[in-house]
Amino acid sequence: MIAALRGEVLSIGLDHAVIDCAGVGYKFLATPPTLGSLQRGEQASVLTTLVVKEDSMTLYGFRDTADREMFHTLQGVSGLGPKLALAALSVMGASELAQAISSGDSKTLQSIPGVGKRMAERLALELKDKVAGFAPAPAQSAGEQATASGPVVEEVTEALLGLGFTEKAARPVVAAMAAENPDAENSTLLRAALAQLGKKK
């Protein structure tokens with residue numbers, strides 16, 4: 001089990017990063033806040049968990065223990081896999097998720113792409129007694145700024161498609177936000193778009 005990575009950050013994408021550990025580059029999927037805390041060319045430490053399936057081995061990275069533990073906790077619900085768990089942590093931190101689950105806030109939970117009313121109710125019912133100990137997550141760090149609205153719209157839209165949204169729903173929201181905030185970071189636009197799209201569910 002690969003539990004953590006420490007080394008130079010080789011590259012950062014919208015949904016992943018690569019860290020060089022003793023000459024080996026490890027690619028891991030992560031949330032915008034986690035990726036926003038990294039700087040290319042600098043040393044970094046990331047907590048990880050390895051998800052092994054019949055046809056793949058995927059490494060997921062987290063900025064703190066709370067997010068990693070919530071990632072595992074969410075998957076205790078039938079039908080909720082690692083992709084959806086990561087999407088949940090992209091919308092809210094561990095403490096926010098814990099609050100929504102413990103209070104039975106179905107509307108907030110439905111802001112997670114891929115989570116409908118039935119899944120939100122199951123989350124609240126099955127995990128209510130398992131989320132009390134989650135500590136507040138650290139504030140999001142600044143990442144690399146976008147240089148042009150065109151590529152930013154494409155990249156953020158692609159990330160939203162990967163999280164389960166349709167292009168018809170995602171692209172107009174991303175384009176409008178990029179126009180209003182031309183200097184915004186990719187991760188900031190992604191979080192804002194997720195919040196806006198969640199309200200339309």
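**Exercise 1.** In this predicted model, determine what joins strand 1 to strand 2, and how the two strands run.

*Solution.* Begin with the connection: strand 1 passes into strand 2 through a hairpin of 3 residues. Next, locate strand 2 at residues 16-21 and note that 4 bridges link it to strand 1 in an antiparallel arrangement. Finally, take one pair as an example: E8 lies opposite D20 in strand 2.

**Exercise 2.** Identify how many bridges join strand 1 to strand 4, and which residue of strand 4 G7 faces.

*Solution.* Strand 1 covers residues 4-12 and strand 4 covers residues 43-53. Between these antiparallel strands there are 5 bridges. Within strand 4, the residue opposite G7 is A44.

**Exercise 3.** Describe the largest nonpolar core and state which helix gives the most to it.

*Solution.* First, the size: this core holds 50 residues. Those with the most contacts inside it are M70, L74, L97, I112, L123 and L160. Second, the contributors: elements that each supply at least two residues include strand 5 (56-62), helix 2 (65-74), helix 7 (149-162) and helix 9 (186-199). Helix 3 gives the most, namely 7 residues. As background, nonpolar side chains in soluble globular proteins tend to be buried together.

**Exercise 4.** List residues that L160 touches, leaving aside those up to four places away in sequence. Then name members of the second core.

*Solution.* With contact taken as heavy atoms within 4.5 Å, L160 touches F165, A170, V174, L190, A193, L194 and L197. A second core, separate from the largest one, has 13 residues, among them I19, F28, L38 and V46.

Definitions and conventions:
Residues are numbered from 1 along each chain as its sequence is written. This is a predicted model: local features need pLDDT of at least 70, side-chain atom pairs count only at pLDDT 80 or more; totals for chains, interfaces and linings use all residues. Side-chain values use heavy atoms; hydrogens and water are left out. Two strands pair if DSSP finds at least two bridges between them. A nonpolar core is a set of buried Ala, Val, Leu, Ile, Met, Phe, Trp, Tyr and Cys residues joined through side-chain atoms within 4.5 Å. Buried means under 20% relative accessible area, exposed over 50%, partly exposed in between (1.4 Å probe, protein chains only).
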